[in-house]
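Could we go through the packing in this model together, one question at a time?

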Amino acid sequence: MDSVDMNGKRAVEDLLRWRGTLADLIHAVRDEDASPVGILDRATVAAALEKVAEGLAEPGELSLWAHTVHFHEDVEFEEGYEDLLTQFLFEISTPELFEAVTPDLCYRWLGRFRTSLATSAADEAGRSV
């Protein structure tokens, strides 16, 4: 696993990409004085979902990750997908209000993000013809 640069400008990007131990990532982001803005996109969320769906992370970790990303002021959302990303973060970070985070839930969300990514790729291909 990649090491986390605790003093560098990568803290937000490392959190978004979940590169490292979640506790260290959260600590690094909270300690940053002037973090650069990170962009949360659909592919990044899909990668985080895959961690839990494949058993590489615990469901509670995904909730904590989503909560931290959702409330970090230096995170912006992929243009045009703000609603989808916000809905995901809100639902996953508050399972007590919606649904417990399980591998099945992760696969359902993965389906939504993969469909969205495939549609975007098809649209781009159609525009370049």
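The exchange below concerns helix packing and burial.

Modeller: This is a predicted model, in which local features need pLDDT of at least 70 and side-chain atom pairs count only at pLDDT 80 or more, while totals for chains, interfaces and linings use all residues. Residues are numbered from 1 along each chain as its sequence is written, and side-chain values use heavy atoms, with hydrogens and water left out.

Colleague: How are helix 3 and helix 5 oriented, roughly parallel or roughly antiparallel?

Modeller: Helix 3 (residues 42-53) packs against helix 5 (residues 82-93) with axes 11 Å apart and at an angle of about 25°. Angles under 35 degrees count as roughly parallel and those over 145 as roughly antiparallel, so helix 3 is, relative to helix 5, roughly parallel.

Colleague: Which residues of helix 5 meet helix 3?

Modeller: Contact means heavy atoms within 4.5 Å. From helix 3, the residues involved are Arg42, Val45 and Leu49, and their partners in helix 5 are Leu84, Leu85 and Phe88.

Colleague: Is alanine 48 buried or exposed?

Modeller: Alanine 48 lies in helix 3, and it touches Trp18, Leu62 and Trp65, leaving aside residues up to four places away in sequence. Buried means under 20% relative accessible area and exposed over 50% (1.4 Å probe, protein chains only); because its relative accessible area is 2%, alanine 48 is buried.

Colleague: What span should the 12 residues of helix 5 have?

Modeller: The expected span is 1.5 Å times one less than the number of residues. The end C-alpha atoms of helix 5 are 16 Å apart, which agrees with the expected 16 Å.

Conventions
Axes fitted to C-alpha atoms, helices over the stretch in contact; angles between N-to-C directions. Helix = DSSP H or I, 4+ residues; strand = E, 2+ residues; numbered from the N terminus. Parallel < 35°, antiparallel > 145°, perpendicular 65-115°, else oblique.
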